[in-house]
Amino acid sequence: MRIGILTGGGDCPGLNAVIRATVRTVEIEHGGTVVGFKDAWRGVVTDDWEPLTSESCRGLLPRGGTILGTSRDQPYTMDGGVEAVRRAVDRHGLDAIVAIGGEGSMGVTKDLHRDGVPVVGVPKTIDNDIQLTEMTFGFQTAVQICSDAIDRLHTTAESHDRVLVVEVMGRHVGHIATWAGLAGGAAVTLVPEVPFDIDHVAELISARHRHGHWSSIVVVAEGAVAAEGTMDVPEVRMDAYGHQVLGGMGHRVAAEIERRTGIESRTTVLGHVQRGGSPVAFDRVLATRFGVAAVDAVADGALGDMVALQSGAITRVAVADAVGHLKTVEADMLRASSIFQVPYDRT
Ligand code: F6P
């Protein structure tokens, strides 16, 4: 067996653990070899690669980022890209390329499979927004980082009787915000799934502070949206890859809360801190299971499949079924979150 492997899109904790598990499984169970392509599909197209062995993967399990590098380049937007990918598969004698990536990368994986390139997908993202897998590695690490940060913000918020707004990542879904808000005891959590009314948010904060709470933590997902006509929001910018450039909602929400309530309000944007550093134990284990399962998929000829976590077990789904629509926050999570966003009179 000979496998190519790459990491695409934004990085996340656990990528190296997948690489390590894939290499180990190929070597131990198949006596095979692994080709590591650099900077996602760019390395396949330009033939930039390195051999990966168990020896070269030593120490990778707890290491954040990706030793292969990553990019958002993909063959369909590169001149002669798909042909170059086919040539790379032939040149290296690959049974398949294991593509570890988010929603965008899984879309490319689906298209390459349709076009006859042997591929297997491994879902990754701190956003946890990929359909048909109940969790992606990286997510739990991001949530832990947010929750730790919120614990720290509570004590300083209490000292100064402030509202502290925390903006977290997640793009167009609120998984990180919902989990972080629940774990961190937020007074208000704003997510894209539920457009918010800033007047209502301000009333909630005022009521809390009238009833003896001297500080409030407000978690704002970067993709949170104001209900139509309730708040002025600037026009959305797009990046070179056609994705909305998010960020800034936390500052806007803090300014509006302060204006309406008169309570001093500040913002912390956690940003890329959420994607950095060592994966938590859950993510190391999930990433390892995904790596092993990706090799199984290649061995079984399950090309065009994506490995997934369903009901706690590792499964495979057609990557085509997993892309095209995002996994939004589950109703029970939104309900649990909403129960803690009702003023509670403790007097
Ligand atoms: O998809 C992962 C993610 O971290 C999002 O939560 C965030 O919006 C985006 O990537 C940031 O991307 P970049 O690293 O390109 O700024």
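**Two helix pairs and how they cross**

Reader: How many residues does H1 have, and how far does this helix reach from its first C-alpha to its last?

Author: H1 has 16 residues and reaches 22 Å between those atoms, close to the 22 Å expected at 1.5 Å a residue. The expected span is 1.5 Å times one less than the number of residues, and helices (H or I, at least four residues) and strands (E, at least two) are DSSP runs numbered from the N terminus. This is a predicted model, in which local features need pLDDT of at least 70 and side-chain atom pairs count only at pLDDT 80 or more, while totals for chains, interfaces and linings use all residues. Residues are numbered from 1 along each chain as its sequence is written, and side-chain values use heavy atoms, leaving out hydrogens and water.

Reader: Which residues of H1 are buried, and against what do they pack?

Author: An α-helix has 3.6 residues a turn, so residues three or four places apart point the same way. In H1 the buried residues (under 20% relative accessible area, with a 1.4 Å probe and protein chains only) include Val18, Ala21, Thr22, Thr25 and Val26. The buried residues of H1 pack against strands S1 (2–7), S2 (33–37), S3 (49–52), S4 (96–101) and S5 (119–123), and against H9. After H1 comes Gly31, with a positive phi near 60 degrees.

Reader: At what angle do H1 and H9 pack?

Author: Angles are taken from 0 to 180 degrees between N-to-C directions, with axes fitted to C-alpha atoms over the stretch in contact. H1 (residues 15–30) and H9 (residues 281–299) pack at about 45 degrees, their axes 7 Å apart. The two helices are therefore oblique, the class left once angles under 35 degrees (roughly parallel), over 145 (roughly antiparallel) and 65 to 115 (roughly perpendicular) are set aside. The contact (heavy atoms within 4.5 Å) includes Ala21 and Val26 of H1, and Ala287 and Gly291 of H9. Its residues divide into eight nonpolar, five polar and four charged; Ala, Val, Leu, Ile, Met, Phe, Trp, Tyr, Cys and Pro count as nonpolar, Asp, Glu, Lys and Arg as charged, and the others, Gly among them, as polar.

Reader: Which residues make the contact of H6 and H11, and is the crossing left-handed or right-handed?

Author: H6 (residues 175–184) and H11 (residues 331–339) pack at about 40 degrees, with axes 10 Å apart. That makes H6 oblique to H11. Their crossing is left-handed, the near helix being turned anticlockwise from the far one by less than a right angle (clockwise is right-handed). Thr178, Trp179 and Leu182 of H6 meet Met333, Ala336 and Ser337 of H11, giving four nonpolar, two polar and no charged residues.

Definitions and conventions
Buried < 20%, exposed > 50% of the residue type's maximum accessible area, 1.4 Å probe, protein only.
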